[in-house]
Amino acid sequence: MNLEIDPSLQWLLATTMVLYVIGMYLIGYYAQRKIHGTEDFLVAGRKLPFSLAWMTLLATWFGAGTLLAAADEVRREGLQAAALDPFGAGVCLLLAGLFFAGPLWRMELLTVPDFFRRKFGVAAELIASCIMVPSYFGWVAAQFVALAGVLQLFFGIDPMFGLALVAIIGTGYTLMGGMWSVTLTDAVQISLVLVGLVVLAVVALGELGAGSVWNGLVRVGQETEPEMLRPFPTENIAAMLGWLGVFLTGALGNLPGQDLMQRVFAAKSASTARWACLVAGLFYLSFGLLPLLLALVGNLLFPDDVTSEILPALAHAFLHPVVAVVFVVAMLSAVLSTIDSAILSPASVLAENVLSKFLGQDSLSLNRYSVLAVALCSLGLAYLGENAYELLETAYVLTLVGLFVPLTIGLYSQPQSGRPALASMGIGVGVWGLHFVLGCETFLPGVPLIGTWQLPLSLAATGCSLVGYFLLEPPWKIQWGSPAKIAITGEKNCSPD
């Protein structure tokens, strides 16, 4: 299917995109005036109101994965392919609001590794940083590639140049205003995305239903194969365990993520942080279903073409050319909103928890240099090719297997030593890394009893991380309690000993 727009409309799309980028940079320039120190740059001075807090949370994850990858996977495999995104990611936001946002906000942190330093000591802080920072490079590189591909599709721009252009645009306004730039631009970007999705869904369903949106929905339900509509597999335990592993990777693995928690820290109050996560989660699950619905609509409208990216295909086929241009810009907005967040998050960890310990430079300058470093590393990874950045994309599992257990236990207890956290991180990452190097997708494949269950590697490694923690600090010796009742302010100065 040819998705190129009419040459006479290329100028309109190009002009709209240029004006859009100029608008984002004007917002970045405005945000720069709010930056007076590191706290302003990293967590917007802890002043984000509810309206901005939930929108930036939603925009952070509503990127190429939700709009393009998840939709195309669902088109080929059915709703079961949405276990990670949007189902897992949406539930992650809800869990963050229920159990993590409030107590973590009260700790007045700048980064997630700051938590590990307070609870478990400097060694745990450094290891947590080393686990976290590389996990973002593949994600950023994938966004660069997705956006460069769109530029090649509509304008014939060589990907070698397109990748650099995308990196410069996304990094520029992030560099100017930090979290304030990211938040304000996110609010504009996610608004465009949601409006564009609703318009495309109404038009596509109307086309399928001969003018009736309701008839289009009925046709999707009646004519789609039943197995394509099942949200999770039911044929056997192995399939269910595999789906559960992917779902929980999204639901739990993102909880220690700096991109999520940086927005929690930036909220103006604990209540704002909690409700922002809950509302963002509900919106993510609701609007995240629209690309999945459009994927199923595409199967009925284009049954002979399952290779094209379905959302651009539907926009090209059924939207008025001018509206299609607006939708393309909205789609670009979604990717850019992910790029700026994905760059700022590891950069803040790199500057605050690693480089600051070895360099005596001003913290704000160090953060800006780190933004450039992360962008350059991600760009280099994108230039290396799909295999390279997809390899590092899998590193997002590291936050689950290495950080989730000590973060959760540390939040709801008062650790007496840093050793349990170090053991937990080392064992979780070690088990996952060994299997990954050996090319094993399940835990101990071929081992009697265990191998026959085909345990998902991510869940098994997380379980090993939990065992590692409890080996050095058994649960009956842990000082459990509500985070509100635990002394969580001030440096703990834990040592590995």
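**Entry: a charge over a ring**

I began with Lys 34, which lies over the face of Trp 180, 4.7 Å from the ring centre. I note here that the model is predicted.

**Entry: ring pairs**

Next I searched the whole structure for aromatic pairs and got 12. I opened the pair of Tyr 25 and Tyr 173. Their centres are 6.0 Å apart, and the angle between the planes is 90°. I logged the pair as edge-to-face. Which elements hold these two rings? Tyr 25 sits in helix 1 and Tyr 173 in helix 9, so the pair ties together parts 148 residues apart in sequence.

I then checked whether each ring is buried or exposed. Tyr 173 is buried, at 0% relative accessible area. Tyr 25 is partly exposed, at 25%. The cut-off for buried is under 20%, so Tyr 25 misses it.

I turned to Tyr 469 and Phe 470. Their ring centres lie 6.3 Å apart and their planes stand at 85°, so I entered this pair as edge-to-face. The angle needed is over 60 degrees. Tyr 469 is buried, with a relative accessible area of 0%. Phe 470 is partly exposed, at 24%.

I followed the ring pairs outward from there. Which residues do they link into a cluster? I listed Phe 115, Phe 116, Phe 120, Tyr 469 and Phe 470.

**Entry: second largest pocket**

I looked up the second largest pocket and noted about 230 Å³ of space in it. Its lining has 13 residues. Closest to the centre are Met 17, Val 21, Leu 151, Ile 169 and Leu 332. I asked which elements give two or more residues to this lining. They are helix 1 (7–32), helix 8 (134–155), helix 9 (159–208) and helix 16 (321–354). Helix 1 supplies the largest share, 5 residues. Helix 1 and helix 9 had already come up in my notes, as the helices of Tyr 25 and Tyr 173.

How does the lining divide into nonpolar, polar and charged? I recorded 13 nonpolar residues, no polar and no charged.

**Entry: a serine in a loop**

Last, I went to Ser 413. I found Ser 413 in the loop between helix 19 (397–411) and helix 20 (419–437). Ser 413 counts as buried, at 0% relative accessibility. What lies 2.6 Å from a polar atom of the Ser 413 side chain? I traced it to the backbone oxygen of Ile 409. A polar contact needs N or O atoms within 3.5 Å.

How values were computed
Residues numbered from 1 in each chain as written. Predicted model: local features only at pLDDT ≥ 70, side-chain atom pairs only at ≥ 80, totals over all residues. Heavy atoms only, no water. 1 Å grid on protein atoms, 1.4 Å probe; cavity = no way out; pocket = protein on both sides within 12 Å on 5 of 7 lines; lining within 4 Å. Points joined across faces, edges and corners; volume = space filled by probe spheres on them. Helix = DSSP H or I, 4+ residues; strand = E, 2+ residues; numbered from the N terminus. Nonpolar A, V, L, I, M, F, W, Y, C, P; charged D, E, K, R; others polar. Phe/Tyr/Trp six-rings, centres within 6.5 Å; stacked < 30°, edge-to-face > 60°. Buried < 20%, exposed > 50% of the residue type's maximum accessible area, 1.4 Å probe, protein only. Lys NZ or Arg CZ within 6 Å of the ring centre and 35° of its normal. Polar contact = N/O pair within 3.5 Å; in protein donor to acceptor, adjacent residues only side chain to side chain.
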